[in-house]
Amino acid sequence: MSERDVFEYALLRVVPRVERGECFNAGVLVYCRARSFVAARTHLDEGKLRALDPAADVAGVRAALGAVEGICAGGAAAGQAADDDAGRRFRWAIAPRSTVVQPGPVHTGLTADPAAEADRLLDLLVR
């Protein structure tokens, strides 16, 4: 059996009209401290977005989701967070905010492959 490590994850929710509080899942953030791993996987269901807000800025929501992916990926895509470690980038991504793309609560689990876990959670909880 492969060695499993603790990981943390949070869903990314799209809240098209913050004042209404309606939301749907559009991504997942996964962080594994033992492996210095952080990643975001996203999938925007445009039909759900338009059902909640026919006038929604689809390009803006995609850009916001892409920005979270970039922060998690690190390097040039992370902007000012480029030199931050995986934990700091994860903590930035899960910080509460009242924008259209919001992080949900953090959960934990065990995994032998954090990248595969991110893909599994995206399929299970988002798609």
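Let's start at histidine 43. In this predicted model, histidine 43 sits in the loop between strand 3, residues 37–42, and helix 1, residues 46–52. Buried or exposed? Neither label fits: histidine 43 is partly exposed, because its relative accessible area is 32%, and partly exposed runs from the 20% limit for buried to the 50% limit for exposed.

What does histidine 43 touch? Leave out residues up to four places away in sequence, and the list is Asn25, Ala26, Leu122, Val126 and Arg127. Now a distance for scale. Valine 30 is 13 residues from histidine 43 along the chain. Their C-alpha atoms are 15 Å apart.

Move one residue on, to leucine 44. Setting aside neighbours within four places, leucine 44 contacts Val14, Phe24, Leu49, Val58, Val61, Arg62 and Leu65. Leucine 44 also belongs to the largest nonpolar core, which has 22 residues. Which members touch the most other members? Val14, Leu29, Leu44 and Leu49. Several elements give two or more residues to this core: strand 1 (5–14), strand 2 (24–32), strand 3, helix 2 (58–73) and helix 3 (86–94). Helix 2 gives the most, with 5 residues. There is a second, separate core too. That one has 12 residues, including Val30, Cys32, Phe37 and Ala39. So valine 30, our distance partner for histidine 43, turns up in the second core.

Next, helix 3. At its start, a side-chain oxygen of aspartate 85 comes within 3.1 Å of the backbone nitrogen of glycine 87. The buried residues of helix 3 are Ala86, Gly87, Arg89, Phe90, Ala93 and Ile94. Why do we say they share a side of the helix? Because they cover an arc of only 165° around the axis. What do they pack against? Strand 1, strand 2, strand 3, helix 2 and strand 4.

On to helix 4, residues 114–125. First, a length check. Helix 4 has 12 residues, and at 1.5 Å a residue it should span 16 Å. Its end C-alpha atoms are 16 Å apart, so the two agree. The buried residues here are Pro114, Glu117, Ala118, Leu121 and Leu122. They cover an arc of only 135° around the axis, so they lie on the same side of helix 4. Their cover includes strand 1, strand 2, strand 3 and strand 4, which is residues 101–111. Leu122 is one of those buried residues, and Leu122 is also among the contacts of histidine 43.

One residue in helix 4 deserves its own slide: glutamate 117. Glutamate 117 counts as buried because its relative accessible area is 10%, and the cut-off is under 20%. Beyond four places in sequence, glutamate 117 touches Phe7, Leu110 and Thr111.

Now zoom out. The protein has 4 helices and 4 strands. Along the sequence the order is β-β-β-α-α-α-β-α. How large is the radius of gyration? The protein has 15 Å. A compact globule of 127 residues would have a value near 14 Å, so the two agree. The C-alpha trace spans about 50 × 35 × 20 Å along its principal axes.

Two last numbers. Of the 127 residues, 42% count as buried. And take contacts between residues at least 6 apart in sequence: 62% of those join residues at least 24 apart.

Key: Residues numbered from 1 in each chain as written. Predicted model: local features only at pLDDT ≥ 70, side-chain atom pairs only at ≥ 80, totals over all residues. Heavy atoms only, no water. Buried < 20%, exposed > 50% of the residue type's maximum accessible area, 1.4 Å probe, protein only. Contact = heavy atoms within 4.5 Å. Core = buried A, V, L, I, M, F, W, Y, C linked by side-chain atoms within 4.5 Å. Expected span 1.5 Å × (residues − 1). Arc of directions from axis to C-beta. Polar contact = N/O pair within 3.5 Å; in protein donor to acceptor, adjacent residues only side chain to side chain. Rg over C-alpha atoms; globule rule 2.2 N^0.38 Å.
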